[in-house]
Amino acid sequence: MAKPPLHRAAVQIQRCAQGLPSLVSRLLQGPLLFIYPPTCAGCAQILESETPAPFCPDCFKALDLILEPYCPLCGIPYLAEAPSRHLCGDCLGGVHHFDRARATGLYQGLFREVIHRYKYRGQLFLVRPLAKMLAAPAKELSRLHKIDIIVPVPLHPKRLRQRGFNQASLLARRLGSALKISVDYASLRRSRWTEPQTGLTRRQRAANVRGAFGLKTPENVRGKGILLLDDVLTTGETVNQCVRVLKKDGGAKEVAVLTVARTVEM
Ligand SMILES: [Zn+2]
Ligand SMILES: [Zn+2]
C-alpha cells in the first residue's frame with residue numbers, strides 16, 4: 001500500500017536521525033513523535049499493518065524474547081528442557097526483595113542494540129515501541145499483584161544532567177498512560193553517586209549500591225502495590241536496593257519489577 005508523502009519523509013528523517021549525534025537526533029525527532037507512522041523499532045521500515053509487536057516479522061524473529069520455562073518468581077529463563085514452575089536457586093535462597101520480576105527479553109542482540117540507541121544515542125521515538133513491549137508483562141503482573149502506582153528507577157541528578165532524560169521515567173509515563181496507572185516520579189530518589197556495576201562481583205555490586213537510594217515522601221508509597229520499572233535488569237542489586245527502601249523505609253505492600261530486558265549472569 002502506498003504511504004502518504006508525509007509518512008515517507010518522516011521515515012527518511014527517522015532513518016537519517018539514527019546516524020546522528022544524540023542532541024541533533026533528538027531535535028530532528030521531536031516533531032516526528034506526533035506524525036511519523038508506525039515503523040519497526042529494529043530496522044525503521046514502515047509496518048504494513050497494525051502488528052501486536054512494534055517490530056517487523058524479521059526483526060521480531062531476531063529478538064531474544066523470554067518465554068516459558070522461566071522462574072515464576074524472578075523470571076530468569078531456564079533451559080528448554082527444564083521443568084517450569086519451580087523456583088531458581090537465587091529465589092530459593094531468598095536473594096531478592098521483590099515479589100516478582102519480569103523482563104520482555106534478553107539484553108543481547110537486537111534488544112541490546114535498540115535499548116542502546118534509545119538510552120545512549122537519545123533516539124527517543126523508541127520509547128513508544130519499547131513501552132508497547134512492556135504492556136503484556138505489565139498486565140500479567142497486575143493480575144498477580146496489587147499495582148497502584150508505577151515507580152521508575154531514578155537516576156542520580158548528575159547522570160540525569162549528563163543524559164538529559166531518565167530512560168525509565170519516559171517508559172513509565174508511556175506505560176502508565178496506556179494502562180491508566182499513575183506514575184510516581186518523585187518519591188524514590190537516588191541520593192548517592194555509584195560507579196557502573198560492570199566487572200564487579202555480586203558482593204561488590206551489593207556494596208556499591210547500598211544506601212544509594214532514599215525516599216523523599218514515604219507516605220506516598222505506604223501500603224501501596226508498586227510496579228518498579230527500569231530499562232534493563234543487569235545485576236539485580238539496583239532493583240533490590242530500591243525494593244528494600246520502598247518496603248522497609250516506605251512500608252510499600254508489594255513490589256513487582258518490570259524491565260524491557262535482562263542479563264542472565266545475575
Ligand atoms: Zn524490522
Ligand atoms: Zn528465580
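## Exercises on backbone and helix geometry

Lys180 is exposed, as 6 other C-beta atoms lie within 10 Å. Keep in mind that this is a predicted model. Let's work through three exercises.

**Exercise 1.** Find where Lys180 and Ala44 lie, and decide whether Ala44 is buried, exposed or partly exposed.

*Solution.* Start with Lys180: its phi is near 60°, a positive value in a residue other than glycine. Lys180 sits in the loop between H9 and strand S3 (182–183). Now turn to Ala44, which has a positive phi of about 70° although it is not a glycine. Ala44 belongs to the loop between helix H3 (32–35) and H4. Finally, count neighbours: Ala44 has 18 C-beta neighbours inside 10 Å. A residue needs 20 or more to be buried and 12 or fewer to be exposed, so Ala44 is partly exposed.

**Exercise 2.** Which peptide bond is cis, the one leading to Pro69, and where does Pro69 lie?

*Solution.* Check omega first: from Glu68 to Pro69 the value is near 5°, and the bond is cis. Then place the residue: Pro69 is in the loop between helix H4 (57–62) and helix H5 (89–92).

**Exercise 3.** Describe how helix H7 packs against helix H9.

*Solution.* First take the axes: those of H7 (residues 127–144) and H9 (residues 167–179) come within 9 Å and cross at roughly 55°. That angle makes H7 oblique to H9. Next, the handedness: H7 passes H9 in a right-handed crossing. Last, look at the residues that meet: Leu130, Ala131 and Leu134 are among them in H7, and Leu171, Arg174 and Leu175 are among them in H9. By class, this contact has 11 nonpolar, no polar and two charged residues.

Key. Residues numbered from 1 in each chain as written. Chains lettered and ligands numbered in written order. Predicted model: local features only at pLDDT ≥ 70, side-chain atom pairs only at ≥ 80, totals over all residues. Axes fitted to C-alpha atoms, helices over the stretch in contact; angles between N-to-C directions. Helix = DSSP H or I, 4+ residues; strand = E, 2+ residues; numbered from the N terminus. Parallel < 35°, antiparallel > 145°, perpendicular 65-115°, else oblique. Left-handed = near helix turned anticlockwise from the far one by under 90°. Contact = placed C-beta atoms within 7 Å. Nonpolar A, V, L, I, M, F, W, Y, C, P; charged D, E, K, R; others polar.
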